[in-house]
Amino acid sequence: MIDLKAYPFSIYLIEGGETILSAFPRELSEHALKSLKSRKVNVRLNEPVTNITDGTVHTKTNIYQGSTIIWSTLLKGQGIGQWMKNEIKNGKVAVLGDLT
C-alpha cells in the first residue's frame, strides 16, 4: 500500500452553488460536506468555474493549478412540459393517430 502522507498534495472540490449535492436533501448534503472536510478536502462553495486550461482551473475569484484535474458537472434537463407547453391540455399531450 502506498503511504500518501509521503506525497504532498491537495484536493479541491469547487462548487458553483451554495451546497454540494444540491439535488439531495439538505441533511445529506451537510453530512457529505462534513465528511469531505474531515478528510482534508478543500471545499469551495459559491465559486463557479469559468474556464479550464491545461493544468489550471479558473473561477470568478481564484485560479487553481494542478497536475490532475477531474471535471464533473450536473446538467438539469428541461422537462417535456416546457418545450411542449402549447401541446399539453389538462395534463395530456395531444397525439396523432400514428402517435406522433
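Ala, Val, Leu, Ile, Met, Phe, Trp, Tyr, Cys and Pro count as nonpolar, Asp, Glu, Lys and Arg as charged, and the others, Gly among them, as polar. On this scheme, the lining of the largest pocket divides into 20 nonpolar, nine polar and two charged residues. The structure is a predicted model. The pocket is taken up again below, after the overall fold and the sheet.

The chain has 100 residues, of which 13% count as buried. Its secondary structure comes to two helices and seven strands. From the N terminus on, these elements run β-α-β-β-β-β-α-β-β. Contacts across the sequence were also counted. Among those between residues at least 6 apart, 39% join residues at least 24 apart.

Three of the strands form an open sheet. Their order is β3-β4-β5, and the pairing is antiparallel. The edge strands are β3 and β5, each of which pairs on one side only. Strand β5 covers residues 63-65. From one strand to the next, the twist averages 15°. In a regular strand, side chains alternate between the two faces of the sheet.

The two pairings in this sheet can be described in turn. Strand β3 spans residues 49-53, and strand β4 spans residues 56-59. Four bridges hold this pair in the antiparallel sense. The two strands form a hairpin, with two residues between them. In the turn, G55 has a positive phi of about 80°. T53 stands opposite T56 in β4. On the other side of the sheet order, β4 is joined to β5 by three bridges. These two strands also run antiparallel. Here the bridge partner of T56 is Q65, in β5. T56 thus has T53 opposite it and Q65 as its bridge partner in β5.

The largest pocket has a volume of about 1,100 Å³. It is lined by 31 residues. Closest to its centre are Y12, L13, I14, I70 and S72. Several elements contribute to the lining. β1 (12-14), α1 (26-38), β3 and β5 each supply at least two residues. Strand β1 gives the most, with three residues. The edge strands of the sheet, β3 and β5, are thus among the elements that supply the lining.

The region between β1 and α1 was examined next. L21 lies in the loop between these two elements. Its relative accessibility is 43%, so L21 counts as partly exposed. Leaving out residues up to four places away in sequence, L21 touches S29 and A32. L21 and A32 are eleven residues apart along the chain, and their C-alpha atoms are separated by 8.1 Å.

S29 is found in helix α1. Its relative accessible area is 5%; the cut-off for buried is under 20%. S29 is therefore buried, whereas L21 is partly exposed. Apart from its neighbours within four places in sequence, S29 is in contact with T19, I20 and L21. The contact between L21 and S29 links the loop residue to helix α1.

How values were computed: Residues numbered from 1 in each chain as written. Predicted model: local features only at pLDDT ≥ 70, side-chain atom pairs only at ≥ 80, totals over all residues. Heavy atoms only, no water. Pairing = 2+ DSSP bridges. Axes fitted to C-alpha atoms, helices over the stretch in contact; angles between N-to-C directions. 1 Å grid on protein atoms, 1.4 Å probe; cavity = no way out; pocket = protein on both sides within 12 Å on 5 of 7 lines; lining within 4 Å. Points joined across faces, edges and corners; volume = space filled by probe spheres on them. Buried < 20%, exposed > 50% of the residue type's maximum accessible area, 1.4 Å probe, protein only. Contact = heavy atoms within 4.5 Å.
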